[in-house]
Each structure stands twice: as C-alpha cells, then as structure tokens.
Amino acid sequence: MNSLTLPSPAKLNLFLHIVGQREDGYHELQTLFQFLDYGDTLTFTPRTDGAIRLAEPIPGVADEDNLIIRAARKLSETVTRTLPGVTIHIQKKLPMGGGLGGGSSNAATTLLALNRLWGLDMNLAQLADVGLALGADVPVFVHGHASWAEGVGEKLTPADPPEDWFAVLKPDCDISTREIFSEQGLTRNTPRIKIAPAFEGDASRYRNDCEDVVRRLYPEVHQGLEWLAKFGPARLTGTGACIFGRFPTESKARNIWASRPSGINGFVAKGVNISPLHKKLTELN
Ligand SMILES: C[C@](O)(CO)[C@H](O)COP(=O)(O)OP(=O)(O)OC[C@H]1O[C@@H](n2ccc(N)nc2=O)[C@H](O)[C@@H]1O
Ligand SMILES: Nc1ncnc2c1ncn2[C@@H]1O[C@H](COP(=O)(O)OP(=O)(O)OP(=O)(O)O)[C@@H](O)[C@H]1O
C-alpha cells in the first residue's frame with residue numbers, strides 16, 4: 001500500500017471558561033473549539049516488520065513520549081492481530097506548547113491515518129475514546145467538527161461559529177499548561193453558560209479565564225494582547241502562549257499581521273468548522 005499524507009491542523013479556543021475542578025484536580029471547562037486551515041503534515045508509510053517508528057525525532061521530545069508514537073501504540077493495543085507497522089514523517093509548523101493543540105492534533109491524525117492504513121474499521125467515537133487517554137484535546141480533532149465542549153473538553157456538541165480570519169501571534173515565551181492550571185489566582189468558578197448546540201453567536205462576548213494569570217506571569221503575552229486589541233477582538237488560546245485577533249477578511253488579517261511588533265512570530269489562517277484532516281480524508285474516499 002502507498003504512503004498516506006494527511007494534515008494535522010491547529011485549534012483555537014475561541015473562548016474558554018473554567019467552571020469547576022474535579023476531585024482528581026482536572027479543571028472542568030466550557031469552551032468553543034474551531035480549527036485553523038493551518039498546521040503540521042504527517043506522512044505514514046507502511047512497513048513489513050511490525051515496528052512503529054518516526055522518520056525523524058521532534059527536537060526536545062523523546063520518541064516514546066511523542067504523542068504520535070503513543071497514539072500509534074495505543075491503537076495497535078486495541079487489536080489482537082499482527083499489524084504491518086509504520087514509519088511516520090512529521091513536517092512541523094505549529095509551535096509546541098502554544099495552546100494550538102499541536103500534539104493532540106498529531107495524535108488524532110495518527111489515529112485516523114492508521115485506522116485506514118491498517119484497515120481497522122473503527123468508528124470516530126471509538127477512536128476518540130482511544131485518544132482521550134492521550135489528551136483532553138484529542139477527541140475534537142478526531143471528530144473533526146468545530147465544537148462547543150464541556151467536561152475536560154471531551155463532551156462535544158458540533159457548532160458553527162463564523163469562519164473568520166485570524167492573525168495568530170506567538171509571543172516569545174513557553175507556557176506549561178500544568179503551570180497555569182496550578183496557579184492559585186486562577187478563576188475556577190465562572191458560572192456555567194447554556195449555549196445552543198448550533199453556536200453561531202459572537203464568541204468575543206466570552207473570555208478566556210486563563211488570560212489574567214497568563215498576562216501577569218508573562219508580560220510578553222500581556223503586551224501582545226494589548227497591541228492586538230487595538231484592531232479587533234483579541235484572545236489567548238488554551239493556556240497560551242499564542243494569542244489571536246479575529247478579522248472578517250484575509251487582507252485585514254494580513255495587513256495587521258505584517259505590522260506586528262518585531263520579534264513576534266506567527267501566521268495568518270482561516271478559521272474552519274470542518275477539520276482539514278476530515279476534508280482530505282473525504283477527498284480520498
Ligand atoms: C487548555 C486546553 O488546551 C483547552 O483546550 C486543554 O484543556 C489542555 O488539555 P491538554 O493539552 O490535554 O492538557 P495536558 O497537557 O494533558 O494537561 C497538563 C496538565 O494540566 C492540568 N489540566 C489540564 C486540562 C484540564 N482540563 N485541567 C487541568 O487541570 C493537569 O494538571 C494536567 O496534568
Ligand atoms: N507530536 C507532538 N507535537 C508537539 N508536542 C508534543 C508531541 N508529542 C509530545 N509533545 C509534548 O507535548 C507538549 C505540548 O505540546 P502541544 O503542541 O500539544 O501544546 P499546546 O499547543 O499547548 O497544546 P494544548 O492546547 O493541547 O495545551 C510539548 O511541549 C511536547 O513536550
């Protein structure tokens with residue numbers, strides 16, 4: 001069988017409320033996920049010796065900790081028959097630890113790719129179950145539709161927010177999700193809101209509850225948000241460090257991005273409600 005090349009897109013949390021904390025310490029969220037038409041690309045090449053390998057490591061991530069390898073191993077453990085194995089090549093564009101869900105997206109792309117390559121015939125709900133054990137953001141990438149999410153992010157209701165353009169900026173700092181969720185001053189009691197399943201409202205009416213803590217600990221993020229907010233609604237995604245400004249047209253987003261303060265990386269991308277991964281898989285069928 002030939003190689004399979006698939007996208008592994010980024011997500012944004014258009015807003016993120018923390019509405020409580022479970023006994024195991026995990027935070028209960030209400031958030032709106034949308035995908036970006038921008039991300040990594042993974043290529044899967046079947047092997048004959050049953051091994052699961054990366055063509056090249058991601059610098060700073062041991063192969064056995066890489067969510068791609070962990071997803072492939074976990075999937076292979078769900079079946080009893082001998083599998084042919086795979087080599088996976090990664091073209092990484094998404095910054096790590098940026099709040100764009102890069103690792104979770106890589107895991108989801110791996111699950112869908114190997115389900116196809118290995119002929120496992122598992123449905124999306126089964127693959128999302130396998131993925132949830134790897135990270136709370138994996139299920140939305142497996143299902144592939146923009147979603148209103150509750151729980152730790154696994155209770156999903158498809159949503160259709162406007163497909164606007166985003167200028168995504170990566171302030172020059174790395175933020176650990178664990179650090180932010182451990183902060184004493186974090187807002188953990190935002191009242192639950194009720195949102196119609198087909199969410200089409202204005203997400204900028206709602207906030208990201210991590211933003212105050214992240215602004216305080218990382219002045220680079222604070223300054224970036226202050227700058228972006230001059231041009232339109234600006235938010236943190238996940239626990240950061242990436243921030244985004246939302247614009248109705250590509251040219252507006254590109255003009256603002258081009259005038260960003262020096263030393264800030266980032267990109268411009270369109271928000272999409274169907275994941276580029278699922279679009280590609282449909283084309284292949
Ligand atoms: C912030 C979001 O990106 C929003 O989409 C996600 O909730 C993050 O989910 P994730 O990447 O799967 O998070 P992980 O990297 O597994 O979590 C790291 C650590 O953050 C804390 N954590 C994470 C998610 C959550 N809902 N509550 C938490 O308290 C836990 O201490 C966990 O050990
Ligand atoms: N394939 C992978 N791609 C990126 N990071 C990975 C991968 N596998 C493991 N990791 C680890 O996961 C950590 C978080 O990376 P990721 O890019 O998913 O963060 P994030 O965008 O903040 O995600 P989230 O929004 O889900 O918190 C990295 O610092 C890295 O150590």
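Start by selecting helix 1 and helix 2 in this predicted model: helix 1 passes helix 2 in a right-handed crossing. Their axes come within 8 Å of each other and cross at roughly 35°. Now show the side chains where the two helices touch. From helix 1, pick Leu67, Ile68, Arg70, Ala71, Ala72 and Leu75. They meet Gly103, Ser104, Asn106, Ala107, Thr110, Leu111 and Leu114 of helix 2. Colour this contact by residue class and you will find eight nonpolar residues, four polar ones and one charged one.

Next, keep helix 2 on screen and bring up ligand 2. Which residues are closest to ligand 2? Select Leu67, Gly102, Gly103, Asn106 and Gly238, the closest of the 19 residues that surround this ligand. Helix 1 (67–77) and helix 2 are the elements that give two or more residues to this shell. Helix 2 gives the most, with four residues. By class, the shell around ligand 2 divides into six nonpolar, 11 polar and two charged residues.

Now follow the chain out of helix 2 and stop at Asp121. This residue sits in the loop between helix 2 and helix 3. Check its backbone angles: phi is positive, at about 60°, although Asp121 is not a glycine.

Carry on to helix 3 and select residues 124–132, along with residues 102–117 for helix 2. The axes of this pair come within 10 Å and cross at roughly 135°, which makes helix 2 oblique to helix 3. This crossing, too, is a right-handed one. On the helix 2 side, the contact is made by Ala107, Ala108, Leu111, Leu112 and Asn115. On the helix 3 side, look for Leu127, Val130 and Gly131. Colour by class again: six of the contact residues are nonpolar, two are polar and none is charged.

Zoom out a little and select residues 66–144. In an unreviewed entry, UniProt lists this span as "domain: GHMP kinase N-terminal". Helix makes up 53% of the span and strand 8%. Draw a distance between its end C-alpha atoms, and the model gives 22 Å.

The next stop is a pair of residues, Lys11 and Asp137. The unreviewed UniProt entry places the feature "active site" at these two positions. Why do they gather at one spot? They span 127 residues in sequence, yet no two of their C-alpha atoms are more than 9.1 Å apart, so they come together in one place. To find the first of the pair, look in strand 1, where Lys11 lies.

Stay with strand 1 and turn on ligand 1. Strand 1 (4–21), strand 2 (27–46) and helix 5 (177–182) each supply at least two residues of the shell around this ligand. How many residues surround ligand 1? There are 19, and the closest are His27, Gly135, Arg178, Phe181 and Gly238. Sorted by class, six residues of this shell are nonpolar, 11 are polar and two are charged. You have met Gly238 before, among the closest residues to ligand 2.

For the last stop, move to the loop between strand 8 (234–236) and strand 9 (243–247), where Ala241 is found. Select Gly240 together with Ala241 and look at the bond that joins them. Is this peptide bond cis or trans? The bond is cis, with omega at about 10°.

Note on methods: Residues numbered from 1 in each chain as written. Chains lettered and ligands numbered in written order. Predicted model: local features only at pLDDT ≥ 70, side-chain atom pairs only at ≥ 80, totals over all residues. Near = placed C-beta within 6 Å. Nonpolar A, V, L, I, M, F, W, Y, C, P; charged D, E, K, R; others polar. Axes fitted to C-alpha atoms, helices over the stretch in contact; angles between N-to-C directions. Parallel < 35°, antiparallel > 145°, perpendicular 65-115°, else oblique. Left-handed = near helix turned anticlockwise from the far one by under 90°. Contact = placed C-beta atoms within 7 Å. UniProt positions renumbered as here; feature names shortened; annotations may be inferred.
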